[in-house]
Amino acid sequence: MKIKLLDILNSTEGFVSGERLSNLLGVSRTAVWKQINSLKKDGYVIETQPRLGYRLLHRPDLLVKTEILSNLATEKWGKDYLYTFAEVDSTNELAKSYAAKGKPEGTVIIAEKQLQGKGRLGRTWLSPEGQGIWVSIIIRPNIMPYKAPQITFVLAVGMVRTLYKALGIKAQIKWPNDLLIKGKKVAGILTELSAEMERVNYIVFGIGLNVNQKIKDFPEELRNKAISLRIASGHYVSRVQVLKVMLEELERTYNEYLQRGFDYILEEWKNHCDTLGKEVQVFMDGTKLEGKAIDVDREGFLIIQDKENNIHRVIAGDVSLRDSSGNYA
Ligand code: BT5
């Protein structure tokens, strides 16, 4: 009812009377008044005039249910199972515990702030309050476990589509899980799998997207490497709007993958990838490999050709590209 109330206020120019609201919603005027107060507590600014009724003046850019669910155009994702928190350790950790308890595909978990945001291999993901989108989603694809790395590719394509649709920004993908704008990291993807030999129980994926940080908000060591949508676009960006497009595009891309297969996604992925065809250095398990990134195969391995023309298949690692002066950045 709160969401319906918000939708009515939002689509009305000027005031709506309490009586009209109570008719449209089928509840008493006292019930309407209570919900109005609850919206105010969430950060909405609503003007109240005794004879005229209510008028919405300002919506907060908060990742709360009322905002996310209003006009959300997904088929399933986030609609029935959406959990929003002011603060958690890690949305991925929480999502994994929800998945283990049986929460269905399309369950979405979001936090305004993470205290222990996780990257890959025990690294940290900085998740300051209110400045980004820190979200995890449960999926249960009917695929063999060895295909699970394909999901990271699907998500990267979904994120490229999101940034283009929401803001007209053309992002690049850096193998395997980074989204870049102008060579700097705007988002990272963390895909975690629970499986038996022949069957995926669930996949939890987390995406961290920097939205409204200014350069000075990043710690010194990240200033040359990280970027936010605000820095890239030159203006404040509504997280709620971007999140909605993100849920829609990620779900659409995932469904395309299930229906049309991985090759279809991989082709689009390659079109946006900034790693292929470049001289690279890859660190994996403490060893260093240098060579040319020549392809990505159907299991998501990066194929590297070294100076002796040996071919290496790399499943996980950190890639640096060689710049024009021969350094790896
Ligand atoms: C990733 O790891 O890029 C995956 C990040 C996934 C974060 C999401 S947020 C929601 C969900 N819940 C979680 O707990 N995690 C997921 P990796 O490729 O390992 O990159 C980590 C490295 O990126 C760090 O070591 C830093 O160098 C850098 N980094 C950390 N925070 C960053 C930020 N906010 N923006 C850009 N770079 C960052």
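This note walks through a predicted model, point by point.

1. Domains. The protein splits into three parts: domain 1 (2-58), domain 2 (65-271) and domain 3 (279-321). Start with the pair formed by domain 2 and domain 3. Their centres, taken over C-alpha atoms, are 25 Å apart. Domain 2 gives 14 residues to the contact, and domain 3 gives 14 residues.

2. The largest core. The largest nonpolar core holds 65 residues. Within it, the residues with the most contacts are Ile-133, Leu-179, Ile-181, Val-186, Leu-209, Leu-229 and Trp-269. Helix 6 (residues 149-167) supplies the largest share of this core, nine residues. The core also spans a domain boundary: at least three residues come from each of domain 2 (65-271) and domain 3 (279-321).

3. A second core. Apart from the largest core lies another, of 15 residues. Among them are Leu-5, Leu-21, Leu-25 and Ile-46.

4. Leu-179 in detail. Leu-179 is one of the residues with the most contacts inside the largest core. What does Leu-179 touch, not counting residues up to four places away in sequence? Its partners include Ala-156, Met-159 and Val-160. Ala-171 and Gln-172 are also among them. So are Lys-184, Lys-185, Val-186, Ala-187 and Ile-189.

5. The ligand site. How many residues lie around the ligand, and which come nearest? There are 26, and Ser-90, Lys-118, Arg-123, Lys-185 and Asn-210 come nearest. Lys-185 also touches Leu-179.

6. Polar pairs at the ligand. Three pairs deserve a look in the viewer. In Gln-114, an N or O atom of the side chain is 2.9 Å from a nitrogen atom of the ligand. In Asn-177, a polar side-chain atom sits 3.3 Å from a ligand oxygen atom. In Asn-92 the partner is a polar backbone atom, 3.4 Å from a nitrogen atom of the ligand. On its own, the ligand has 800 Å² of accessible area, and the protein covers 91% of that.

7. Glu-249. Is this residue of helix 8 (residues 239-260) buried or exposed? Glu-249 has a relative accessible area of 3%, so it counts as buried. Its side chain makes a polar contact with the side chain of Arg-252, at 2.6 Å. Glu-249 also touches Gly-158, Arg-161, Thr-162 and Lys-165, not counting residues up to four places away in sequence.

8. A cis peptide bond. The bond from Trp-175 to Pro-176 is cis, with omega near -5°. Pro-176 belongs to the loop between strand 6 (172-174) and strand 7 (178-181).

9. Leu-121. This residue is not glycine, yet its phi is positive, near 50°. Leu-121 lies in the loop that runs between strand 4 (108-111) and strand 5 (132-139). Why does Leu-121 count as exposed? Its relative accessibility is 69%, and the cut-off for exposed is over 50%.

10. Asn-309. Here too phi is positive in a residue other than glycine, with a value near 65°. The loop that holds Asn-309 is between strand 12 (302-305) and strand 13 (311-314). Asn-309 counts as exposed because its relative accessibility is 54%.

Notes. Residues numbered from 1 in each chain as written. Predicted model: local features only at pLDDT ≥ 70, side-chain atom pairs only at ≥ 80, totals over all residues. Heavy atoms only, no water. Core = buried A, V, L, I, M, F, W, Y, C linked by side-chain atoms within 4.5 Å. Buried < 20%, exposed > 50% of the residue type's maximum accessible area, 1.4 Å probe, protein only. Helix = DSSP H or I, 4+ residues; strand = E, 2+ residues; numbered from the N terminus. Domains from an automatic or database assignment. Contact = heavy atoms within 4.5 Å. Near = heavy atom within 4 Å. Polar contact = N/O pair within 3.5 Å; in protein donor to acceptor, adjacent residues only side chain to side chain. Areas by Shrake-Rupley, 256 points an atom, 1.4 Å probe, with all protein chains shown as cover.
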